[in-house]
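Got the model loaded? Here's a short tour: what to select at each stop, and what you'll find there.

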Amino acid sequence: TREFEPVVRRLETEVMPRLEVIRPGMVAAPARGPARYWGGEAELTARVAAALAGLGHPVRSGAADTVFAAALAARARDGVLVPAGETAGLLAPYPVAVLGRPRLAELLVRLGIGTLGGFAALPPDRVAARFGNDGTAAHRTASGREPHLLDASGAEPDHAVRRVFDPAEERTEPLAFAGKALAERMQARLTSAGVVGAQVEVELALTDGRRLRRAWRHEGRLSSLAVAERVRWQVQAWTDAGDLAPRGDGVVSLDGAPRRDGVVSLDDAVDAVDAVDAGSAVGVVELVLRPRRLSAATGRQTMLFGGGATLEDLERAAGQVQALLGHRAVTRAELLGDRGPTDGTRKVPVGDIATAPAGGGPWPGRLLAPHPPTVYRPLLPARLLDRAGQSVGVSGRLVISASPARLTVDGFPGVLEVIAWSAPWPVLEQWWNHDRVQRIARMQISTTAGGSWLLRVSAGRWWAEAHYG
């Protein structure tokens, strides 16, 4: 967050003033106003790239009707600017796993619905009857609409919570502690009102009259401890950026002090020093947490097949651990497209928005079930030898140079006698990236020691990727 603060500030001052932080590294903003000002969405994204080029950061931008779709569009190669009203077409080919609801996605796949387009084609009333409120929100997301209906009953009620500091507070730790108490008060107030907020705005009022604000995306999923953690991150980011740094050069000026016979009295000099000390640092006089973009709290779907803990319980526990140990202390497995045993999942912090797999498949050359229970990261160096003790090679036409006879794997004693093997199959990795393209071949090897091995060969070198049994 501290490193990302200069990026957000550059965008706010040079391109568009209204931003919300989804997480460090990703921001969302309403595009209509800035696009009109700069002459279109393409010009707006060009301005964003130009503004951040000076900070040394690459940037990818995407635009769509919803934040979810815009995030997927930004992750596409070179970014995608989806015309208004065509978001559903962008989302249609994506697998249902990108919704970030593993149990719902698993059930949809079992029902033969594997893509967002297929899910969006279901009648909304049937979705609501079968999957409840959480399924309805996911259906709206898959259809290219915001997951929650906005509250159009009138002006948004003020559920802000605040803490006033007298005297002004200059230290980060008390501010973070106050942020935890305010977050709990805010959550209790929203719960009693039956609403959730899509944003939470952190605001500091400073002794010099300035007010610092930053909006974080919430979606009603953050626990009070997770909100408090973001308050701490943001306060530290503002401190590192110099907003809460000492002011002035520490030099006492006596030019305006009263004089008698050209001499400043001792009392007046002390008053001048006290004035400099009082104004030498910028303190915080008020901390405010303000929920934004409120909608009705409809609850969330719990476990489909029983179980003692609900999703809310799990997220609350994860938020507590993250508040103590850091955002990446608790992760979940995100399904990806996979060819090898190490490619099927990615660990992402709990609370982050689900990312799209690298393409939607099918995956030529993928490893078929049953999958090996033991996967080696990093890979283990291995040697696959023939009867003469020569290394077995695989040609470009997938022909082995000799029948495998012996196998050695680093970390495993002795030489393993080979009793069976599969034909090699090819995999072309990252063919779209000239710097990282890699052509490999895989084989499955069974030995007399029991179990089987998954081997890969690249540039004449063998590696053990996984073990069966």
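**Stop one: helix 4**

Select helix 4 and its surroundings: its buried residues pack against strand 1 (20-23), strand 2 (26-28), helix 5 (87-91), helix 7 (116-120), helix 8 (124-142) and strand 5 (211-217). Buried here means under 20% relative accessible area, with exposed being over 50% and partly exposed in between (1.4 Å probe, protein chains only). Helices (H or I, at least four residues) and strands (E, at least two) are DSSP runs, numbered from the N terminus.

Before moving on, remember that this is a predicted model, where local features need pLDDT of at least 70 and side-chain atom pairs count only at pLDDT 80 or more, while totals for chains, interfaces and linings use all residues. Residues are numbered from 1 along each chain as its sequence is written, and side-chain values use heavy atoms, with hydrogens and water left out.

Now colour residues 67-75: eight of the nine residues of helix 4 are buried, so the helix is largely enclosed by the rest of the structure. The ones to highlight are Val67, Phe68, Ala69, Ala70, Ala71, Leu72, Ala73 and Ala74.

**Stop two: helices 6 and 8**

Next, show helix 6 (residues 102-110) with helix 8; they pack at an angle of about 105°, their axes 11 Å apart. Axes are lines fitted to C-alpha atoms, for helices over the stretch in contact, and angles run from 0 to 180 degrees between N-to-C directions. So helix 6 is roughly perpendicular to helix 8 (the term covers 65 to 115 degrees). Put sticks on Leu104, Leu107 and Leu108 of helix 6, then on Arg130, Phe131, Gly135 and Ala138 of helix 8, which make the contact (heavy atoms within 4.5 Å).

**Stop three: two histidines**

Jump to His159, in the loop between helix 8 and strand 3 (161-169). Is His159 buried or exposed? Buried, with a relative accessible area of 12%. Leaving aside neighbours within four places in sequence, His159 touches Met186, Arg189, Leu190, Ala193, Val195, Pro291 and Leu294.

Then pick His327, in the loop between helix 12 (311-325) and strand 9 (331-335). His327 is buried too, at 16% relative accessible area. Beyond neighbours within four places in sequence, its contacts are Arg230, Trp233, Gln322, Pro349, Val350 and Asp352. Try a C-alpha to C-alpha distance to Val348: 9.9 Å in space, for residues 21 apart in sequence.

**Zoom out**

Finally, show the whole protein chain, with its twelve helices and 17 strands. Of its 469 residues, 40% count as buried.

Methods. Angles under 35 degrees count as roughly parallel, over 145 as roughly antiparallel, 65 to 115 as roughly perpendicular and the rest as oblique.
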